[in-house]
Amino acid sequence: MASTDDSREGGPAASLLGGDRHWSAGTPPKDVTGWSITALFVTILVVFAAWSTLSGIHSALSTVKSESLIGTAILVLCGVAVLALFRPAVQSWRQAQEAKRTLAGSDMVGARVATAASREFAYVTFGYAAVVVILLAVAQFFIANNLAVSQTFFQLSLIGSSLALTLKAFWTNIYIFVVAEILVLIWGLIVAIARLLPGDAARPVRLISTIYTDMFRGLPAIINIYLIGFGIPLTGLPVLKDLSPESYAILALTLTYGAYVAEVYRSGIESIHWSQVAAARSLGLSYMQTLRYVVVPQAVRRIIPPLLNDFIGLQKDTALVNVIGSIDAFNQARIIASNHFNLSPVTTVALLFILITIPQTRLVDRLIERDQRRMRAGGN
Amino acid sequence: MAMIEIRNITKSYGEFKVFNGLSLEVEEHQVVCLIGPSGCGKSTLLRCMNGLETIQGGEIRIHGDRMSGPGVDVNALRRDVGIVFQSYNLFPHMTVLENVTLAPVKVLGQNRAEAEAKALHLLKRIGLEHKAKEYPDRLSGGQQQRVAIVRALAMGPMVLLLDEITSALDPELVSEVLNIVRDLAAEGMTMLLATHEMGFAREVASKICFLYGGKVHEEGPPSRIFSNPTEERTRAFLQRIIEAGRL
């Protein structure tokens with residue numbers, strides 16, 4: 001413990017304020033004309049690029065005889081819409097001139113406001129221009145080689161005729177991931193708690209659950225499905241050998257994703273501050289009661305976003321069951337695709353997978369928001 | 001026989017000795033205030049007394065029974081010895097009422113209606129029954145700390161440990177919490193307080209213990225400790241408190 005009167009270094013009269021202090025915030029704003037000229041120049045380039053791409057699309061459509069009035073109208077509309085880029089670019093130029101004028105009239109505040117506005121408008125131009133450029137690149141890819149890309153992946157007639165079959169097969173994927181997700185939620189929690197058990201007695205349990213998570217996180221899901229799907233029937237074990245390929249897939253995915261989700265649970269549980277555990281234990285709750293009523297309910301709220309990540313991964317990995325011959329959407333689409341020498345049915349499946357994940361993400365966002373609002377707003 | 005006897009306890013974190021043969025006795029209905037510089041072990045001592053931390057040597061006896069070392073049913077011990085923390089530690093995912101009734105229902109096996117009636121009675125006593133359905137987030141620090149005290153009281157503890165319960169509070173909220181402690185003292189609750197509120201300690205304590213060097217460096221009634229401490233360290237500590245304008 002230090003003594004009451006701390007000795008101060010630096011001898012007598014050393015000022016706390018130091019010597020060299022002056023104002024520096026009053027300098028005039030920098031000239032931004034360069035930025036606004038660049039914005040105008042970029043806009044002109046992008047507009048020309050857009051027009052050339054649009055006319056390319058038009059001529060590609062006419063070579064395959066699929067031009068229509070509506071299609072042309074849409075293209076013309078796009079060509080006009082891209083002109084909107086001039087708005088922020090011109091604004092940027094005007095504000096830059098305004099800044100010069102106000103500065104000449106020694107209105108420092110007005111010059112700063114105009115400079116900031118000019119710079120902001122220039123940045124807006126760049127932001128929108130960048131996105132237009134990306135869209136143009138994608139469009140170029142699709143019309144290259146006489147619409148080859150579009151024809152290969154998006155042949156609408158084939159998509160339409162195969163949709164019913166593909167959708168029906170997609171139910172297999174949905175069945176597999178719904179059952180697997182329920183099992184994973186339970187199994188992952190068991191593994192996580194086993195890994196967090198305290199005390200010397202639980203050391204072997206902790207060890208085995210650590211080995212399990214290390215193994216199944218490292219093992220590629222496709223190999224796991226393959227080994228279980230083909231291996232278990234070969235073993236001739238009663239009951240187990242007669243399960244459907246879907247059941248083997250569920251088992252394999254539960255084992256793989258159980259390991260991931262166990263780690264998610266564990267990180268969630270460990271993220272709960274020890275003072276919460278101290279409070280619960282000090283009231284006489286046992287270790288397990290503390291987990292059950294205090295730690296896990298709080299942890300679950302925190303792990304929902306990473307949990308959703310793993311679930312989306314699981315849903316996508318249901319497409320791997322084609323290695324054991326289950327007719328899921330992907331397998332079905334491949335069969336149709338090879339019959340027609342065209343990948344459009346597979347594109348359908350790809351879109352289906354994308355489509356089912358989006359509402360889940362939004363739903364989870366809503367749930368989290370609602371939960372937070374409830375805890376803040378109080379009452380119920 | 002004293003209600004709490006702490007005999008010659010030792011505890012180290014690596015090289016650092018928190019307790020180096022500390023002894024302390026608390027009689028029933030006494031209010032004992034632990035004071036001392038940060039890191040002197042006030043909080044650790046309280047945490048050892050209800051088994052949240054372990055001691056390495058010596059023993060702690062409560063109601064004549066040894067309550068340290070192996071074989072102690074810590075869950076049962078904690079029913080007798082309640083603790084309130086500096087940072088309240090309410091459960092944020094439960095309402096005030098759920099916070100207070102959780103342990104009585106799950107640990108004491110009271111039925112929910114009975115536990116809730118009792119909890120509401122206690123909340124009414126501290127003027128917070130209208131907050132029963134609110135989540136802790138919606139309460140001020142002082143209200144949260146009062147709920148935390150009620151949560152500990154709902155278990156019917158024989159001893160209450162208060163670990164710097166006003167240190168995290170805005171100054172104007174301190175009194176509402178201290179008033180409850182005052183009432184508890186008047187009703188005869190045996191309490192140990194780790195505190196920096198010297199004025200309150202002087203008023204409410206039956207005994208002041210100054211912790212220093214892993215021991216109770218000096219102890220005595222507040223009138224003597226605050227006006228006429230015999231030990232140099234105690235005097236220096238209190239001098240700094242006065243310089244900070246806190247006494």
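How many bridges join strand β7 (residues 159-163) of chain B to strand β8 (residues 190-194) of chain B, and in which direction do the two strands run relative to each other? In this predicted model, five bridges join β7 to β8 of chain B, and the two strands run parallel. The points below place this pair within the sheet of chain B, then turn to the overall form of chain B and to two helix pairs in chain A.

**The sheet of chain B**

- The open sheet of chain B is built from six strands, which follow one another in the order β6-β7-β8-β3-β9-β10, and the pairing within this sheet is mixed.
- At the edges of the sheet stand β6 (81-84) and β10 (215-220) of chain B, each of which pairs on one side only.
- From one strand to the next, the twist of this sheet averages 20°.
- Within the parallel pair formed by β7 and β8 of chain B, Leu161(B) stands opposite Leu192(B), the latter being a residue of β8(B).

**Overall form of chain B**

- The secondary structure of chain B amounts to nine helices and ten strands.
- Chain B has a radius of gyration of 18 Å, which agrees with the value near 18 Å that a compact globule of 247 residues would have.
- The C-alpha trace of chain B spans about 55 × 45 × 35 Å along its principal axes, and buried residues account for 44% of the 247 residues in the chain.

**Helix pairs in chain A**

- Two packed helices are described by the angle between their axes together with the distance between those axes.
- Helix α5 (residues 156-196) of chain A packs with helix α8 (residues 245-271) of chain A at an angle of about 40°, and their axes are 6 Å apart.
- Because angles from 35 to 65 degrees fall outside the parallel and perpendicular ranges, α5(A) and α8(A) are oblique to each other, and their crossing is right-handed.
- The residues of the contact of α5(A) with α8(A) comprise 19 nonpolar, four polar and three charged ones.
- Helix α3 (residues 86-104) of chain A and helix α4 (residues 108-153) of chain A pack at an angle of about 160°, with 8 Å between their axes.
- Since an angle over 145 degrees counts as roughly antiparallel, α3(A) is roughly antiparallel to α4(A), whereas the handedness of the crossing of α3(A) and α4(A) is left-handed.

Key:
Residues are numbered from 1 along each chain as its sequence is written. Chains are lettered from A and ligands numbered from 1 in the order in which they are written. This is a predicted model: local features need pLDDT of at least 70, side-chain atom pairs count only at pLDDT 80 or more; totals for chains, interfaces and linings use all residues. Axes are lines fitted to C-alpha atoms, for helices over the stretch in contact, and angles run from 0 to 180 degrees between N-to-C directions. Helices (H or I, at least four residues) and strands (E, at least two) are DSSP runs, numbered from the N terminus. Angles under 35 degrees count as roughly parallel, over 145 as roughly antiparallel, 65 to 115 as roughly perpendicular and the rest as oblique. A crossing is left-handed if the near helix is turned anticlockwise from the far one by less than a right angle, and right-handed if clockwise. Ala, Val, Leu, Ile, Met, Phe, Trp, Tyr, Cys and Pro count as nonpolar, Asp, Glu, Lys and Arg as charged, and the others, Gly among them, as polar. Two strands pair if DSSP finds at least two bridges between them. The radius of gyration is taken over C-alpha atoms; the globule rule is 2.2 Å times the number of residues to the power 0.38. A residue is buried if 20 or more other C-beta atoms lie within 10 Å of its own, exposed if 12 or fewer, and partly exposed in between; C-beta atoms are placed from the backbone.
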